[in-house]
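Grab a pencil and work through these exercises with the picture beside you. Try each task before you read its solution.

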Amino acid sequence: MALIKEFQQAPSDAQRIHGPVTCGYRTFTIDGRRVLQLDTYGSADREIPNKISQSVQLDAEGARALIDIIAEAFPDVSR
């Protein structure tokens, strides 16, 4: 698990879409700090289906940075 501290654009030649999985989310507050946690679950064909595969956390600063990245990547998407 990781609390995302910073986003950096990472150039890559690999351009492919990965297989679909489910992403669970939860929010909680620790010491007055609000956190969003995203958990991806392994695909159905994995050895242990539905086991958490990766977890990332965002605080308010990380969430604002991600919102800016999403707005730039998908200018036609709005709330």
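**Exercise 1: A glutamine in the sheet**

Q37 stands opposite Q57 in β4. Keep in mind that this is a predicted model. Your task: find out which strand Q37 lies in, whether Q37 counts as buried or exposed, and which side chains are joined to the one of Q37 by a polar contact.

Step 1. Start with the strand: Q37 belongs to β3. Strands β3 and β4 pair in the antiparallel sense, over six bridges.

Step 2. Now the accessibility. Q37 has a value of 7%. The cut-off for buried is under 20%, so Q37 counts as buried.

Step 3. Look at the side chains. One polar contact of 2.9 Å joins Q37 to Q57, and another of 2.9 Å joins Q37 to D39.

Step 4. Widen the view. Beyond its neighbours within four places in sequence, Q37 is in contact with several residues, including M1, Y25, R26 and F28.

**Exercise 2: The order of the strands**

Your task: work out in what order the four strands form the open sheet, and which strands are at the edge.

Step 1. A reminder: strands pair through backbone hydrogen bonds, in either a parallel or an antiparallel way.

Step 2. Read across the sheet, and you get β1-β4-β3-β2, with mixed pairing.

Step 3. Check the ends of that order. β1 and β2 each pair on one side only, which makes them the edge strands.

**Exercise 3: Two salt bridges**

Your task: the count comes to two salt bridges; say which side chains meet in them and which parts of the chain they tie together.

Step 1. Side chains of opposite charge can pair when their charged atoms come close.

Step 2. The side chains of R26 and D39 meet at 2.4 Å, N to O. R26 lies in β2 and D39 in β3 (residues 33-41), so this pair ties together parts 13 residues apart in sequence.

Step 3. Compare the accessibilities of the two partners. R26 is partly exposed at 38%, whereas D39 is buried at 0%.

Step 4. The other salt bridge is between R33 and D59, at 2.6 Å, N to O. R33 lies in β3 and D59 in the loop between β4 (52-58) and α1 (60-73), so the pair ties together parts 26 residues apart in sequence.

Step 5. Here R33 is partly exposed at 41%, while D59 is buried at 13%.

**Exercise 4: An unusual phi**

Your task: find where D31 lies and say what sign its phi has.

Step 1. D31 is in the loop between β2 and β3.

Step 2. Its phi is positive, about 50 degrees, although D31 is not a glycine. Most residues other than glycine have a negative phi.

Step 3. For accessibility, D31 reaches 81% and therefore counts as exposed.

**Exercise 5: Phe and a nonpolar patch**

Your task: place F7, list its contacts, then say which residues make the nonpolar surface patch.

Step 1. F7 sits in the loop between β1 (2-3) and β2 (23-30). F7 is partly exposed, at 31%.

Step 2. Skip neighbours within four places in sequence, and F7 is in contact with L58, G62, A65, L66 and I69.

Step 3. The patch is made by I70, F74 and V77 and covers about 290 Å². I70 lies in helix α1 and is partly exposed at 40%.

Methods:
Residues numbered from 1 in each chain as written. Predicted model: local features only at pLDDT ≥ 70, side-chain atom pairs only at ≥ 80, totals over all residues. Heavy atoms only, no water. Helix = DSSP H or I, 4+ residues; strand = E, 2+ residues; numbered from the N terminus. Buried < 20%, exposed > 50% of the residue type's maximum accessible area, 1.4 Å probe, protein only. Contact = heavy atoms within 4.5 Å. Salt bridge = Lys/Arg side-chain N within 4 Å of Asp/Glu carboxyl O. Patch = residues over 30% accessible without salt bridge, like charges linked within 9 Å, V, L, I, M, F, W, Y side chains within 5 Å. Areas by Shrake-Rupley, 256 points an atom, 1.4 Å probe, with all protein chains shown as cover. Pairing = 2+ DSSP bridges. Polar contact = N/O pair within 3.5 Å; in protein donor to acceptor, adjacent residues only side chain to side chain.
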